[in-house]
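The following exercises concern backbone geometry and ligand contacts. Each task is followed by a stepwise solution.

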Amino acid sequence: MKTFTEIRALREHLQAERFAAAGKGEDLRVGLVPTMGYLHEGHASLLRKARGENDLVVLSVFVNPIQFGPNEDFERYPRDAEKDLALAEREGVDAVFMPSVEEMYPRPTWTKVKVAELTERLCGASRPGHFDGVTTVVSKLFHIVQPARAYFGQKDAQQVAVIAQMTEDLNFDVEIVPCPIVREADGLALSSRNVYLSPEERKAALVLSRSLLQAREKAQAGGAVTAGEIRADLTRSIGGEPLADIDYVEIADFPGLSPLADTERLDDAGRGADALIAVAVKFGTTRLIDNVILTKKGMA
Ligand code: AMP
């Protein structure tokens with residue numbers, strides 16, 4: 001496994017690998033897994049999928065300052081390069097890209113990539129500018145690495161929708177591969193930010209997966225269950241947890257993210273497209289997100 005901190009060195013390495021493959025008459029399929037580090041099993045699942053589908057796997061670890069708002073947790077975001085490298089090694093990563101902020105943004109960036117509409121809802125409404133930071137850094141990574149495939153977790157379902165839209169609109173020659181949410185045994189979705197939670201908050205946070213799971217079961221049990229009913233159930237059960245401070249409870253079509261009207265049916269028979277049930281909730285100072293996607297075939 002090789003580690004790179006400079007864009008030029010990573011590019012030269014990938015170019016040499018592509019050249020060597022071409023010499024043997026082969027294509028080099030590169031899989032990219034972009035992360036902010038402090039890696040856990042959720043990230044590992046992306047790496048494993050990438051390992052199984054590509055000749056070369058690149059992991060990027062970069063806490064991207066431009067996707068954090070002024071009052072968000074950029075400074076205190078957890079970092080542990082040594083542990084990340086050990087996990088990467090264990091998952092068979094070929095190249096780790098760990099640039100400094102100066103390497104990625106030598107000067108304040110004047111060029112940004114912005115996806116309209118999709119970024120104005122859900123997390124975009126409470127985190128203005130967040131997705132512009134995400135699409136800008138992911139565009140840079142796509143240009144630097146030129147992957148055949150890039151892997152993103154459904155944990156950040158809106159991010160998957162936004163990146164897929166950007167990829168299509170800007171003709172990036174990259175296949176976006178969404179990966180299922182990895183959860184703790186008790187249901188809590190893995191997140192680098194879980195480390196901020198006090199033991200009481202950690203326990204209270206289980207209300208998210210519990211409520212979402214119940215919502216999914218209700219929608220799949222048949223009967224004409226509506227978006228309004230599910231939204232009311234979720235608001236009641238999450239709102240009933242004293243440590244939970246709801247940012248949003250949303251039901252939208254996926255990946256279009258248009259909100260479903262309260263009267264729209266969520267059961268299999270009544271639904272035209274996949275539906276996303278997404279929540280963002282604060283526990284103390286920690287904002288957690290979670291979701292389930294109802295598909296015609298079941299749930300992601
Ligand atoms: P992050 O380091 O939080 O920016 O996440 C990097 C990638 O890992 C993103 O595509 C996330 O959606 C994905 N990811 C984070 N947590 C999970 C999880 N619990 N299950 C699956 N993917 C995840």
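**Exercise 1: Backbone geometry**

Q146 is placed in the loop between α6 (130–145) and β5 (149–153), where helices (H or I, at least four residues) and strands (E, at least two) are DSSP runs numbered from the N terminus. The model is predicted: local features need pLDDT of at least 70, side-chain atom pairs count only at pLDDT 80 or more, and totals for chains, interfaces and linings use all residues. Residues are numbered from 1 along each chain as its sequence is written, and side-chain values use heavy atoms, leaving out hydrogens and water.

Task: Determine whether Q146 and L122 are buried or exposed.

Solution.
1. Apply the cut-offs: buried means under 20% relative accessible area, exposed over 50%, partly exposed in between (1.4 Å probe, protein chains only).
2. Q146, with 52%, is exposed; its phi is near 50°, a positive value.
3. L122, with 8%, is buried; its phi is about 45°, also positive, and L122 is found in helix α5 (residues 122–126).
4. Most residues other than glycine have a negative phi.

**Exercise 2: Ligand contacts**

Task: Identify which atoms of G153, D156 and L190 lie 2.9 Å or 2.6 Å from the ligand.

Solution.
1. Use the polar contact criterion for the ligand: a pair of N or O atoms within 3.5 Å.
2. A polar side-chain atom of D156 is 2.6 Å from a ligand oxygen.
3. For G153, a polar backbone atom is 2.9 Å from a ligand oxygen.
4. For L190, a backbone N or O atom is 2.9 Å from a ligand nitrogen.

Key
Polar contact = N/O pair within 3.5 Å; in protein donor to acceptor, adjacent residues only side chain to side chain.
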